[in-house]
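Thanks for passing this one along. Here are my notes, in numbered points, to read with the model open beside you.

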Amino acid sequence: MDWGTDLWDQCDIIDKHTLSGLDLVDRYIKFVKERTEIEQNYAKQLRSLSKKYAKRGSKEEQDCKFSNHASFQEILNELNDYAGQRELIAENMMTGICVELTKYLQDIKSERKTHLADAKKAQQNLEGSFKHLESTKKRFAKEWAEADKATQQADKTESDLNATKLDVEKARAHAHARTHTAEECRNDYAAQLQKYNKEQNNFYYTEIPHIFNKMQDMDERRIRRLAEGYCQFSDIEKNVLPIISKCLEGISSAGVKIQEKQDSLLFIEQHKSGFERPGDVEFEDYTQGIKPATSDSSLNPPKVRTKLWPFSKKHKPTASEDFSHLPPEQRKKRLQAKIDEVAKELQKEQDSSEALDKMKGVYETNPQMGDPSSLEPQITETTQNLGRLKGELAKYESWLSEAVGGEESSNTINNNIRHGVGAADQSHNIYTEFDDEFDDMEAPIGQCAALYTFQGNSEGTISITEGEMLSVMEDDKGDGWMRVLRASGEEGYIPSSYVKVNP
């Protein structure tokens with residue numbers, strides 16, 4: 001069954017049906033466009049939400065040391081990645097469905113217009129042929145009537161006794177001429193009728209069926225293309241489901257890795273004051289008279305009075321350089337952190353000093369490579385920095401020794417010497433130790449696998465690919481970054497949420 005055979009007389013219905021199909025394609029394009037707008041707005045709102053609750057400022061960075069805070073930041077990162085996948089869905093739907101279907105719709109509209117124009121032209125040709133047939137038919141009827149009238153007139157003239165022989169011959173000649181003309185018109189009418197019937201047969205059995213079958217093929221191709229668009233609507237989202245699943249798994253993993261006991265211990269370490277609990281208040285017996293204040297009690301008033309009420313609101317003390325405004329435990333931690341910071345700066349300056357001394361020695365040995373005196377300003381500045389940092393280090397070490405009561409000061413000093421403080425006194429012997437500079441290699445502290453591909457474009461970062469195995473050189477300090485080593489020897493920082501650390 002086809003349109004040309006079974007719907008040969010339903011041109012208007014076919015016109016409306018194909019127009020309705022094109023309208024459906026146009027409606028589907030608009031539907032997908034609105035869906036992409038919804039996806040884009042959804043992704044935009046998710047990104048705004050993630051940015052709104054992301055960590056900001058020093059307090060949030062300090063809180064991120066707790067596993068429950070860090071996990072929340074991971075959830076926000078995963079939500080941001082999830083928003084990116086929603087944007088990808090919107091982009092693919094716009095380019096893969098809307099743009100392609102819009103082009104296809106224009107082409108099929110043009111094809112339909114051509115088919116309808118061909119059908120209209122064929123119908124106009126048939127109508128023109130029918131008009132010509134009617135014209136020849138009317139002429140034949142007229143001429144035949146005139147011939148019949150002329151024949152009757154000739155018979156009447158011939159039977160008239162008063163008519164001459166010339167009148168009779170003239171009437172007969174006129175009747176004969178009229179009859180001949182009528183016969184020619186009859187032949188023209190018969191020929192035109194045969195021609196019209198042939199054209200009509202060709203119109204209804206060949207031209208119209210062929211055009212309608214083409215329109216049927218066009219409509220079926222339109223339906224198949226629209227069906228592909230329906231499938232694309234689902235497939236585009238299916239293609240990103242693996243990454244969306246990883247984002248959701250990352251959110252679940254962030255919840256699983258929370259360790260409440262460690263958070264409690266970390267909280268204790270951060271805020272433990274080191275003070276002793278206040279002792280019992282002694283009974284003052286006024287029946288025996290008020291005891292005079294001794295010099296000992298005057299000089300050493302009870303310090304626990306201000307700590308009797310742990311839930312009372314305390315005034316924040318003024319910060320001091322030696323951190324004496326802090327509780328003992330917190331003071332020791334801050335002093336130790338300051339010592340480590342100064343020691344690191346000192347080591348850096350020592351390395352710079354060694355490099356300058358080596359360069360100066362090379363210049364002195366090979367004057368063509370450079371002027372040794374040009375390095376004097378840098379050497380002087382480095383020497384001044386070394387002196388300043390050593391003074392600061394000694395100052396903080398003395399305060400730490402005071403805070404710990406001398407029990408840890410020797411260990412601290414020895415530790416700093418091991419990390420390079422003592423190396424400053426041996427700066428003149430560095431030439432003999434140049435070959436040993438790279439003997440100490442840092443060992444990895446663990447292994448991890450890359451969950452996603454990351455492009456390291458900023459300074460200090462490196463690029464990794466999904467599934468790559470990496471060596472962990474420095475763990476996440478709570479800022480969301482960790483230092484890793486690739487198999488190629490490339491080392492740098494990457495986001496912690498992009499890898500899974502192996503147990």
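**Notes on the predicted model**

1. Let me begin with one residue: serine 353 counts as buried, because its relative accessibility is 13% and the cut-off for buried is under 20%. Please keep in mind throughout that this is a predicted model. Serine 353 lies in helix α8, which covers residues 328–365. What does serine 353 touch, once neighbours within four places in sequence are left aside? Its contacts are Thr382 and Leu386.

2. Now the overall picture. The protein has 10 helices and 5 strands. Of its 503 residues, 30% count as buried. The exposed area comes to about 34300 Å², and carbon and sulfur atoms supply 53% of that area. Taking contacts between residues at least 6 apart in sequence, 72% join residues at least 24 apart.

3. A helix pair deserves a look next. Helix α4 spans residues 67–159, and helix α5 spans residues 165–256. Their axes are 7 Å apart and make an angle of about 175°. Why is this pair called roughly antiparallel? The label applies to α4 and α5 because angles over 145 degrees count as roughly antiparallel. The residues of this contact divide into 42 nonpolar, 19 polar and 28 charged, so you will find polar and charged residues listed there along with the nonpolar ones.

4. Two residues of helix α4 show what this packing looks like in detail. Alanine 154 is in α4 and is buried, with a relative accessible area of 0%. Not counting residues up to four places away in sequence, alanine 154 touches Ala171, Arg172 and Ala175. The C-alpha atoms of alanine 154 and alanine 171 are 4.7 Å apart in space, while 17 residues separate the two in sequence. Glutamine 85 is also found in α4. Is glutamine 85 buried or exposed? Glutamine 85 is buried, at a relative accessible area of 12%. With the same residues up to four places away set aside, glutamine 85 touches Val240, Ile243 and Ile244.

5. On helix α5, I would pick out glutamine 216, which has its place in that helix. Glutamine 216 is buried, with a relative accessible area of 15%. Which residues does glutamine 216 touch, not counting those up to four places away in sequence? They are Met1, Asp2 and Trp3. The C-alpha atoms of glutamine 216 and isoleucine 14 are separated by 8.8 Å, although these residues are 202 apart along the chain.

6. Turning to the strands, there is an open sheet of 5 strands in the order β4-β3-β2-β1-β5, with antiparallel pairing. The edge strands are β4 (491–495) and β5 (499–501), each of which pairs on one side only. From one strand to the next, the twist averages 45°.

7. It is worth walking across this sheet pair by pair. β3 (residues 481–485) and β4 are antiparallel, with 5 bridges between them; in this pair, leucine 485 stands opposite glutamate 491 of β4. β2 and β3 pair in the antiparallel sense over 3 bridges, and here the bridge partner of glutamate 474 is arginine 483 in β3. β2 (residues 469–474) also pairs with β1, in the antiparallel sense over 4 bridges. At the β5 side, 3 bridges join β1 (residues 446–450) to β5, and these strands run antiparallel.

8. Have a look at alanine 449 while you are there. Alanine 449 stands opposite methionine 469 in β2, and in β5 its bridge partner is lysine 500.

9. Finally, the hairpins. How many residues lie between the strands in the hairpin of β2 and β3? There are 6 residues between them, and glycine 478 takes a positive phi near 100° in that hairpin. The hairpin of β3 and β4 has 5 residues between its strands. There, glycine 489 takes a positive phi near 95°.

Technical notes. Residues numbered from 1 in each chain as written. Predicted model: local features only at pLDDT ≥ 70, side-chain atom pairs only at ≥ 80, totals over all residues. Heavy atoms only, no water. Helix = DSSP H or I, 4+ residues; strand = E, 2+ residues; numbered from the N terminus. Buried < 20%, exposed > 50% of the residue type's maximum accessible area, 1.4 Å probe, protein only. Contact = heavy atoms within 4.5 Å. Areas by Shrake-Rupley, 256 points an atom, 1.4 Å probe, with all protein chains shown as cover. Pairing = 2+ DSSP bridges. Axes fitted to C-alpha atoms, helices over the stretch in contact; angles between N-to-C directions. Parallel < 35°, antiparallel > 145°, perpendicular 65-115°, else oblique.
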